[in-house]
Amino acid sequence: MIYDTIIIGGGPGGVAAGIYAARKRLRTLFITKEWGGQSNVSENIQNWIGTPSLSGSDLAQRFKEHLESYKGEWLDIREGLWVSAIHKKTDDIFEVVTGKDVFLGKTILIAAGSSRRKLEVPGAAQFENKGVTYCASCDGLLFSGLDVAVVGGGNAGMESAAQLLAYCKSVTLITHGPIRADAVTVERIKANPHFHNIENADITEITGNNLVTGITYQIKGSDTPIQLPVRGVFVEIGLVPNTTFVKDLVTLDTFNRIVVDPRTQRTSVAGIWAAGDCTDGLFHQNNIAAGDAVKALEDLYLYTKLHH
Ligand SMILES: Cc1cc2nc3c(=O)[nH]c(=O)nc-3n(C[C@H](O)[C@H](O)[C@H](O)COP(=O)(O)OP(=O)(O)OC[C@H]3O[C@@H](n4cnc5c(N)ncnc54)[C@H](O)[C@@H]3O)c2cc1C
């Protein structure tokens with residue numbers, strides 16, 4: 001079977017494209033590791049248009065239900081699969097490789113989003129889920145009444161600190177430069193007596209026994225390591241686009257994001273489109289990922305009609 005299109009990603013981008021593809025009666029294969037995408041972990045999403053407030057897991061459930069309502073002759077859904085590579089087989093056919101299978105498609109739409117950047121210091125991997133965590137809204141409550149550190153000085157770091165201050169004994173924000181978050185948020189959080197911040201510091205190690213007991217850092221320009229006793233380390237140091245599987249196929253920018261034409265979402269390879277957080281688009285939000293993916297699908301549909 002050669003599909004008209006293969007869509008990769010179960011976040012807002014991929015699901016929006018999947019719905020449009022099925023409605024246009026393109027023979028579509030939809031592949032995703034998981035449903036919902038990054039905001040799956042959010043407690044409360046308040047800007048998904050048409051819905052004043054809903055949790056990330058509810059949003060994921062709605063995505064799945066909506067797309068599955070089109071399952072059948074035109075739409076084949078494979079969840080739990082991870083795409084490891086895409087190859088150009090002929091001028092008109094691409095091969096999508098997953099752990100289990102190989103699928104063939106005339107066109108591809110990549111909406112693989114991004115993942116959290118990992119802290120790469122001794123102890124960080126060893127203590128992941130044993131005190132080192134990448135999601136304050138998911139794991140914060142486990143650290144009630146304890147001292148914790150947040151690493152990262154952007155809005156995500158500040159938001160995590162704000163959430164944790166509701167139940168942790170103390171929250172120390174450690175940033176490698178000055179805090180970069182919005183001034184209003186920073187002022188509000190700094191006024192909390194349980195909040196401390198350490199700027200211009202590099203994390204050098206996470207220490208512990210079975211669980212985390214401390215974080216070690218060095219102030220820039222000093223070579224004296226300082227150990228801060230904490231039971232939790234919340235890491236918010238940015239995102240990395242999920243593009244490794246196409247790094248040798250389409251053009252990526254210096255941050256490994258897929259370069260697209262913003263009018264059509266076409267990539268550097270004819271027959272491949274990309275949308276959402278895996279692209280070099282300037283802004284990354286649920287509504288933008290969905291809108292860009294719809295734009296991509298509309299262009300992909302015209303291309304399919306002209307070329308095949
Ligand atoms: C904590 C947090 C809270 C947020 N809150 C909001 C908010 O309130 N409002 C808002 O508008 N935006 C919010 N955002 C941003 C928003 O979540 C993203 O902009 C949006 O999810 C991007 O959608 P996407 O479809 O491009 O990719 P993603 O949501 O990242 O989805 C990518 C999908 O692709 C799948 N995938 C990835 N690689 C592969 C592969 N190789 N094989 C198979 N499947 C793969 C993943 O499993 C996932 O389903 C938040 C982000 C975070 C991290």
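**Note on the predicted model: strands, domains and ligand shell**

1. In β11, the residue that stands as bridge partner to V171 is F195. V171 belongs to the pairing of strand β10 (residues 170-174) with β11, which runs in the parallel sense over 4 bridges. The two faces of β11 are not alike in cover, since F195 and N197 make up a covered face, while H196 and I198 make up an uncovered one. The structure discussed here is a predicted model, and the points below should be read with that in mind.

2. β10 and β11 belong to an open sheet of 5 strands, whose order is β8-β15-β9-β10-β11 and whose pairing is parallel. The edge strands of this sheet are β8 (132-133) and β11 (195-198), each of which pairs on one side only.

3. At the β8 end of the order, β8 pairs with strand β15 (residues 232-235) in the parallel sense over 2 bridges, and V132 has V233 in β15 as its bridge partner. Strand β9 (residues 147-151) also pairs with β15 in the parallel sense, over 4 bridges, and here the bridge partner of V148 in β15 is G232. Both faces of β15 are covered: G232 and F234 lie on one side, V233 and V235 lie on the other, and all of these residues are buried.

4. E199 is placed in the loop between β11 and β12 (201-208). Is E199 buried or exposed? E199 has 14 other C-beta atoms within 10 Å, and because a residue counts as buried only from 20 such atoms and as exposed at 12 or fewer, E199 is partly exposed. Leaving aside residues up to four places away in sequence, E199 touches T175, G177, P178 and I179. As a further check on the placement of this loop, E199 and L173 are 26 residues apart in sequence, while their C-alpha atoms are 8.1 Å apart in space.

5. A second loop for inspection is the one between β13 (212-219) and β14 (226-229), where G221 is found. β13 and β14 pair in the antiparallel sense over 4 bridges, and Y217 stands opposite I226 in β14. The hairpin of these two strands has 6 residues between them, and within it G221 takes a positive phi near 90°. Why does G221 count as exposed? G221 has 6 other C-beta atoms within 10 Å, and because 12 or fewer is the condition for an exposed residue, G221 is exposed. From C-alpha to C-alpha, G221 and T185 are 29 Å apart in space, with their positions 36 residues apart in sequence.

6. For the protein taken as a whole, the model has 6 helices and 17 strands. Its radius of gyration is 22 Å, close to the 19 Å that the globule rule gives for 308 residues, so the protein is as compact as a globular protein of that length. Along the principal axes, the C-alpha trace spans about 65 × 40 × 35 Å. Of the 308 residues, 41% count as buried, and among contacts between residues at least 6 apart in sequence, 59% join residues at least 24 apart.

7. The domain assignment divides the protein into domain 1 (2-116 + 239-307) and domain 2 (132-235). The centres of domain 1 and domain 2, taken over C-alpha atoms, are separated by 34 Å. How many residues does each domain give to the contact? Domain 1 gives 4 residues and domain 2 gives 4 residues, and the side of domain 1 that touches domain 2 has, by class, 1 nonpolar, 1 polar and 2 charged residues.

8. The last point concerns the ligand, around which there are 33 residues, with G11, G13, G37, G113 and G276 coming nearest. The elements that give two or more residues to this shell are β1 (2-10), α1 (12-23), β2 (28-35) and α6 (286-307). Which element gives the most to the shell? That element is β2, with 4 residues. Sorted by class, the shell around the ligand has 11 nonpolar, 19 polar and 3 charged residues, and in this classification glycine is counted as polar.

Notes:
Residues are numbered from 1 along each chain as its sequence is written. This is a predicted model: local features need pLDDT of at least 70, side-chain atom pairs count only at pLDDT 80 or more; totals for chains, interfaces and linings use all residues. A residue is near a molecule or strand if its C-beta atom, placed from the backbone, lies within 6 Å of it. The radius of gyration is taken over C-alpha atoms; the globule rule is 2.2 Å times the number of residues to the power 0.38. Two residues are in contact if their C-beta atoms, placed from the backbone, lie within 7 Å. Domain bounds come from an automatic or database domain assignment. Two strands pair if DSSP finds at least two bridges between them.
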